[in-house]
Every structure is written in structure tokens, then in C-alpha cells.
Amino acid sequence: MFHRLPPIDREPEVGDLCRLNGAEGQAHRFREKHGVGMIVKKHRIDEKSRAIQYEIKWLKSEEHMRFFKDDIFIISDVD
């Protein structure tokens, strides 16, 4: 039996640990290669848009990638 913590329902902040959200097979393969990530920066797409992309540094692969809020799942918060 798996016990899961409730999801953290707030805007992601710099320093939060996260993982990729999505279809289980694809997210699992991504997690095996890159591990979990840390949000290092917020990027606004353009000045008129309110959409924000979050730059994530993957801890296992040391790569930086950008994702929207809906694409990531926060594991632990900065508080």
C-alpha cells in the first residue's frame, strides 16, 4: 500500500523541489534519467502575458529546462 502526501497547492517558488507531471510511462522514464529538480528561476513569457515558465535544474543530470506550472509537481516547499 502506498501512502501519499496531499499535493502542495500553491504557486511554485524558487528553491522548491519538483518532478515532472504527466503520463506515468513518460514521466517515469524522465525521472530515471534526470531525477528530481529544483526551481532556480521564474521567466515571464512576454510583458503582456501573465503566463510564467519555471526554469528547473535537474539534480541527477545537471540540465536546465523550462516548464509551465501544470507540467510540474511540487514535492517539497521552501518554507
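**Entry 1: the aromatic cluster**

I began with three rings: Phe30, Trp58 and Phe67 form one aromatic cluster. My pairing rule takes rings of Phe, Tyr and Trp (for Trp, the six-membered ring) with centres within 6.5 Å; planes under 30 degrees apart count as stacked, over 60 as edge-to-face and the rest as tilted. This is a predicted model, in which local features need pLDDT of at least 70 and side-chain atom pairs count only at pLDDT 80 or more, while totals for chains, interfaces and linings use all residues. Residues are numbered from 1 along each chain as its sequence is written, and side-chain values use heavy atoms, with hydrogens and water left out.

How many aromatic pairs does the rule give? The count is three. In one of them, the rings of Phe30 and Trp58 have centres 5.0 Å apart and planes at 80°, so I noted this pair as edge-to-face. Phe30 sits in helix α1 (residues 24-34) and Trp58 in strand β3, so the pair ties together parts that are 28 residues apart in sequence. For helices and strands I used DSSP runs, numbered from the N terminus: H or I of at least four residues for a helix, E of at least two for a strand.

Are these two residues buried or exposed? Phe30 is buried at a relative accessible area of 17%, and Trp58 is buried at 0%. My cut-offs were under 20% relative accessible area for buried, over 50% for exposed and in between for partly exposed, with a 1.4 Å probe and protein chains only.

Phe30 also pairs with Phe67, again edge-to-face, at 6.3 Å centre to centre and 90° between the planes. Phe67 belongs to strand β4 (residues 64-68) and Phe30 to helix α1, so this pair ties together parts 37 residues apart in sequence.

**Entry 2: the core and the overall layout**

Next I looked up the largest nonpolar core, meaning a set of buried Ala, Val, Leu, Ile, Met, Phe, Trp, Tyr and Cys residues joined through side-chain atoms within 4.5 Å. This core has nine residues: Cys18, Leu20, Phe30, Ile39, Tyr54, Ile56, Trp58, Phe67 and Ile72. Which strand supplies the largest share? Strand β3 does, with three residues. I picked out Cys18 and listed its partners more than four places away in sequence; among them are Ile39, Ile56, Trp58 and Ile72. Contact here means heavy atoms within 4.5 Å.

Stepping back, I found one helix and five strands in the protein, in the order β-α-β-β-β-β from the N terminus on. Buried residues make up 24% of the 79 residues. Of the contacts with a separation of 6 or more, 49% are between residues 24 or more positions apart.

**Entry 3: a buried charge**

Glu55 caught my eye in strand β3 (residues 52-58). What is the nearest side chain of opposite charge? It is Arg66, 4.5 Å away, and the buried Glu55 has no salt bridge. I counted Lys and Arg as positive and Asp and Glu as negative, leaving out His and the chain ends. A salt bridge needs a side-chain nitrogen of Lys or Arg within 4 Å of a carboxyl oxygen of Asp or Glu. The side chain of Glu55 does make a polar contact of 2.7 Å with that of His43. That term covers N or O atoms within 3.5 Å; within protein, one must be able to donate a hydrogen and the other to accept it, and residues adjacent in sequence count only if both atoms are side-chain atoms.

**Entry 4: the salt bridges**

Side chains of opposite charge can pair when their charged atoms come close. I counted four salt bridges. One joins Asp16 and Arg10, with the closest N and O atoms 3.1 Å apart. Asp16 is buried, at 0% relative accessible area, whereas Arg10 is partly exposed at 24%.

Glu11 and Lys69 meet in another, at 3.2 Å from N to O. This pair links distant parts of the chain, 58 residues apart: Glu11 in the segment before β1, and Lys69 in the loop between β4 and β5 (72-76). Glu11 is partly exposed at 43%, and Lys69 is partly exposed at 32%.

I also noted Glu62 with Lys57, where the closest N and O atoms are 3.4 Å apart.
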